[in-house]
Amino acid sequence: MLAFFKQIRAILHQWWSEFTLQTRLMAGATLVVSLIMSSVTFWAVNTIQHDARLNDTRFGRDLGLLLAANVAPLIADDNLTEAARFSSRFYSSTSSIRYLLYANEAGKIFFGIPYSEAEVQNSLTIQRRIQLPEQYATNTTLPLVRQHLTPDGPVTDVFVPLHHEKKYLGVLAIGINPNPTVVASSNLTRDVTIAVFISIWAMVLLGVVFNALTITKPIKELLVGVKNIAAGNFQQRINLPLGGELGELIFSFNEMAERLKSYEEQNIEELTAEKAKLETLVSTIADGAVLLNTDLDIILVNPTARRIFNWEGKDVIGDNVLHHLPPPVTVKLTRPLYHVTHIKSPLIPLTEAAEQSAADDHKHRDGDEFRVTLSSPTERTIRILLTQVFDQHRESVKGIAMTIQDITREVELNEAKSQFISNVSHELRTPLFNIKSFIETLYEYGSELTEGEREEFLKTANNETDRLTRLVNDVLDLSRLESSNAYQLEAIEISRPIEQTLRTYQLNAKDKGIELLQQISPDLPLVLGHYDLILQVLANLVGNSLKFTASGGKVAILAYLLDQNAPLPNQPQKVRIEVADTGTGIDPDDQNAIFERFFRVENRVHTLEGTGLGLSIVRNIIEKHHSRVHLISEVGVGSTFWFELEVYSDENALMETPMSLAPAQSSP
């Protein structure tokens, strides 16, 4: 219950707080006037009723004394019949008497009008009595007057003691009806009072409505109009048929709006054109751009910056930029941003700020660049440039311009270039060092060496020269594949490069005791590809298989048409080429990196030599044929490399494959 009353109190408080001060004062004044008028009306009603009661009391007392004086001798003579007859005539002669009752000395009623008594008296019969104050009748001769309410209205009771020759005979009780005129007057006064009370509130409500229509509504209209004008809506007009001061105010407002509209029409085209130029310039630049005010709130942001910071679909205008930047950027830029705008950062303690204030003057300046690596939504590196925006006099800072550049590609290229140069330098250094060492030995100590030693030194130098030549050729091939050149793909018969590859490596396989096999499905269709590049792929794969297969092993080339019983819509048929061996296999940890440049499995076992570029060249060539090279290998069992080529058709004839500058991604 207490909670319910508190809730009601809160609702009433909220309802009252929504009223204006003028409304509250009017309601308070109305309440005071209503209370005063109600008090006066109640006082008048009470006065009238009091006077009515006094009149009834006087009338009843006089009437009782008159009747008692005439009836007392008859009762003293025990002439009750005559007393009853006289009382009946007396009762019938006036309508003011409600009842007449006679009681003896003990208070028992023995006669009354109207009155009836039970015909049979027994022990269960209720004795009707008049209960008066003790010793009242024997100590006074004055009537006792009181009033009580009945279902038919109020009645004035008058009790008159009956005395005859100083002897107490009993008491006479007379009930007097109220004066109808006085009662009607009292009801009329009450009705008038209620009508006055209601009229006061009705007048107040009418005044409020009139005030709302003639004063409040025009003022609200003016308020809305001023807000629209302030917001740039110069089409706002107020059409209210009012005169006087409010009418002049509305007329002046409309005239002001008209002049502002005329001024806007004169300047809006030029301002809009300049704004459109600026927004177009900012939105079309390749770099991200974010404009901040001195509170670090975002004023302008272009689509590139939204993409870099993952703000697409977010309303960031007007918010603090530090609340929306990625965490690494926030950590990197919080101190520089506050320093460039000359604002005390809330993130830096006072003692720390005092200690580093001098250092910040040199660390964070206008035009500073910051490089940050982001991991979400994709891993990339960005460069951020902070530039102060000054006013036209260059006296105060008005904001900060943030320029964001995505340098992920640049970083990757620099890293790849550095790694490539490092690897090439390392691979070139070894054969050059060996060639130089053996030639210097022959040059300085040739006369001291035997013929066999000189022949061995020359053979080693020749092998290192061949190794250097292979390395240079592979580097040139890889560079050519990653250049912007385009290769013309045409219809080729896949069995031809396979047979040529087998003839090339037949003697090498025979010397190592390895069986070289081929399994080519008959009637294979022509495939779309580049003959020389496919030949290079097969040569690299077969050469690697022979290198890592021990004597007695097998190397096989397979070519067959893929099952097309349930081909997907718009999917061309493909021929799969596999190169399988029974060699040492490749560890699962090395399979993901096997196609990277200069990665060699023999680097870990130091048993065979190679440039580490063969599989990287294979991957690039296959990707230029719009396919991917795959690997299945198990250590000690063997390896299988396979790829797919599209079957030649008129739709894909004369297809050109552009050479991407980006380093190829490794196949799964």
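User: Which residues of helix 12 meet which residues of helix 13?

Analyst: In this predicted model, the helix 12 side of the contact is made up of Arg-496, Pro-497, Ile-498, Gln-500, Thr-501, Tyr-505, Asn-508, Ala-509 and Lys-512, and these meet Tyr-531, Ile-534, Leu-535, Leu-538, Ala-539, Val-542, Gly-543, Leu-546 and Lys-547 in helix 13. Sorted by character, the residues of this contact divide into eleven nonpolar, four polar and three charged.

User: How should I read the way in which helix 12 and helix 13 pack?

Analyst: The general idea is that two packed helices are described by the angle between their axes and by the distance between those axes. Here, helix 12 and helix 13 pack at an angle of about 25°, and their axes lie 9 Å apart. Because angles under 35 degrees count as roughly parallel, helix 12 and helix 13 are roughly parallel to each other. As for handedness, the crossing in which helix 12 passes helix 13 is right-handed.

User: What is a nonpolar core, and which residues touch the most other members of the largest one?

Analyst: A nonpolar core is a set of buried residues of certain kinds, such as Leu, Ile and Phe, joined through side-chain atoms within 4.5 Å. The largest such core in this structure has 39 residues, of which Leu-541, Ile-577 and Phe-643 touch the most other members. The elements that each give two or more residues to this core are helix 12 (495–512), helix 13 (531–547), strand 15 (554–561), strand 16 (574–581), helix 16 (614–624) and strand 18 (638–646). Helix 13 provides the largest share, nine residues.

User: What is Leu-541 in contact with, if its neighbours within four places in sequence are left aside?

Analyst: With those neighbours set aside, Leu-541 is in contact with Val-579, Leu-615, Val-618, Phe-641 and Phe-643. There is also a second, separate core of 27 residues, which includes Val-316, Tyr-338, Ile-384 and Met-402.

User: Where is Thr-465 found, and why does Thr-465 count as it does in terms of accessibility?

Analyst: Thr-465 is found in helix 11, which covers residues 451–481. Partly exposed is the term for values between 20% and 50%, so Thr-465, at 35% relative accessibility, counts as partly exposed. Measuring sequence against space is also instructive: Thr-465 and Asn-434 are 31 residues apart in sequence, while their C-alpha atoms are 9.3 Å apart.

User: How many helices and strands does the chain have, and what share of its residues is buried?

Analyst: The secondary structure of the chain comes to 16 helices and 19 strands, and 36% of its 668 residues count as buried. Among contacts between residues at least 6 apart in sequence, 61% join residues at least 24 apart.

How values were computed: Residues numbered from 1 in each chain as written. Predicted model: local features only at pLDDT ≥ 70, side-chain atom pairs only at ≥ 80, totals over all residues. Heavy atoms only, no water. Buried < 20%, exposed > 50% of the residue type's maximum accessible area, 1.4 Å probe, protein only. Helix = DSSP H or I, 4+ residues; strand = E, 2+ residues; numbered from the N terminus. Contact = heavy atoms within 4.5 Å. Axes fitted to C-alpha atoms, helices over the stretch in contact; angles between N-to-C directions. Parallel < 35°, antiparallel > 145°, perpendicular 65-115°, else oblique. Left-handed = near helix turned anticlockwise from the far one by under 90°. Nonpolar A, V, L, I, M, F, W, Y, C, P; charged D, E, K, R; others polar.
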